[in-house]
Amino acid sequence: MRAWGVAALAVAVSACSSGVVPSRPGAVRPPPPSGPPVRQPTAATPLAPKPAPAATASTATAASAGLVAGPDISTLPITAIGATRALEAFRISCPSLVKRTDASGLTRAEDWRAACDAARTTQARDATAFFARYFEAVQVADGKAFATGYYEPEIAGSRTRRSGYEVPIYGRPADLIDVDLGTFSDNLKGRSIRGRVEGTKFVPFYDRTAIEQGALQGRGLEIAWAADPVELFFLQIQGSGRLRLPDGGIMRIGYASQNGRDYTGIGKLMIDRGILPKGQGSMQGIMAYLRKNPEEGRAIMRENKSYVFFRELTGAGPLGAMGYPVTGRGSVAADPRFVPMGAPVFLSMDRQDATGIWVNQDTGGAIKGSNRFDTFWGAGDDARAIAGGMAARGTAWLLLPKGTLARHGAD
């Protein structure tokens with residue numbers, strides 16, 4: 001699971017997290033990579049949604065937001081490459097789809113069985129026809145979509161602390177406790193908090209400032225050390241990534257937990273304060289400012305009290321919220337209350353690269369509400385350049401098992 005949606009930074013709504021600590025005297029930090037510039041998009045004209053009311057702030061699930069029949073799937077501009085990626089991602093999701101409870105209220109586990117059975121034997125050349133045969137397009141509320149992007153970053157790191165690698169990457173502390181409030185009161189079902197025990201009291205866990213100032217030092221929690229605090233800052237936003245080790249090897253790390261503190265979006269904060277001009281809150285723009293103004297940047301980052309803990313990943317990945325590997329240019333993160341986990345979705349957006357068929361396999365702290373998506377672009381400079389500036393608007397249709405609309409009595 002990712003900590004936060006990255007390219008919400010492109011519209012200044014995401015947060016940045018990092019562990020920033022002073023270097024040891026005499027330490028030599030390698031120069032930070034500049035990274036590729038934001039990829040300029042190719043404009044596209046999105047297909048229009050059908051007229052329908054927008055979801056209100058009090059709308060809790062897609063089932064209560066209002067459903068409208070979308071276009072016939074065979075008429076959507078689904079490319080063969082996109083359909084092939086989506087078929088593979090859907091196939092990976094099926095073991096969970098046919099068993100899990102759908103938090104959106106749209107589908108039942110058994111609804112997915114026919115499509116999942118067929119997906120096992122469908123060849124790549126038949127991927128487009130597969131989606132047209134087993135699914136129907138469903139518009140949730142007004143269907144007006146907004147999409148950002150995320151990627152799997154690669155930063156310089158070391159398994160041990162050494163000169164030039166001074167920023168700790170912490171594993172989950174043993175005294176970080178999750179509390180399910182629903183076990184104490186029915187009125188609190190679905191709510192949880194994290195904290196620690198101090199004497200006889202349950203108190204909030206250390207915030208970002210306390211952790212950066214040494215609250216966790218001396219406990220052996222460091223699973224690795226990063227070379228550049230700003231790069232780690234953005235890796236925490238992604239929730240997983242790769243460490244490029246001094247010997248050329250790779251160590252993959254993924255989200256283990258979070259300290260339970262509130263999340264503050266520094267992109268929006270910086271624009272609201274006039275630090276960055278409107279429309280310039282891309283990942284690359286924020287990184288440049290933080291590096292140019294390290295002391296001010298440190299203070300800004302500490303306004304986000306949230307802090308992410310990691311674990312080493314040894315299998316396939318990165319893993320999404322379903323526990324399965326996500327697919328570059330094929331997986332998307334969404335709010336599970338509005339998009340069933342594992343469900344395909346077609347996005348028709350105002351930029352070509354975001355337009356196409358995706359499969360919801362992940363969630364994100366900033367990805368909330370109906371028709372809100374975070375597209376995954378894989379790893380490498382190309383993925384970073386696209387995800388860092390992704391901000392697309394258009395129309396979304398969920399691809400749900402045929403018969404879903406009829407069962408909900410929707411037009």
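Domain 1 and domain 2 bury about 740 Å² between them in this predicted model. Of that area, 50% lies on carbon and sulfur atoms. Three residues, Y151, R384 and G388, supply 69% of the area that domain 1 buries against domain 2. No other three residues supply more.

The two parts are set by the domain assignment of the protein. Domain 1 is made of two segments, 62-151 and 320-408. Domain 2 covers 153-313. The C-alpha centres of the two domains lie 29 Å apart. Contact between them involves 8 residues of domain 1 and 9 residues of domain 2.

One salt bridge is found across the interface of domain 1 and domain 2. A salt bridge joins the side chains of E231 and R384, with an N to O distance of 3.4 Å. R384 is also one of the three residues named above for their share of the area that domain 1 buries. Polar contact across the interface is found for 1 residue pair, with both residues at pLDDT 80 or more.

On the side of domain 1 that touches domain 2, two elements each supply at least two residues. These are the strand β3 (144-152) and the helix α10 (381-388). The largest share comes from α10, with 3 residues. By class, this side of domain 1 has 5 nonpolar residues, 2 polar residues and 1 charged residue.

Notes: Residues numbered from 1 in each chain as written. Predicted model: local features only at pLDDT ≥ 70, side-chain atom pairs only at ≥ 80, totals over all residues. Heavy atoms only, no water. Domains from an automatic or database assignment. Contact = heavy atoms within 4.5 Å. Buried area = accessible area lost by both parts, 1.4 Å probe. Salt bridge = Lys/Arg side-chain N within 4 Å of Asp/Glu carboxyl O. Polar contact = N/O pair within 3.5 Å; in protein donor to acceptor, adjacent residues only side chain to side chain. Helix = DSSP H or I, 4+ residues; strand = E, 2+ residues; numbered from the N terminus. Nonpolar A, V, L, I, M, F, W, Y, C, P; charged D, E, K, R; others polar.
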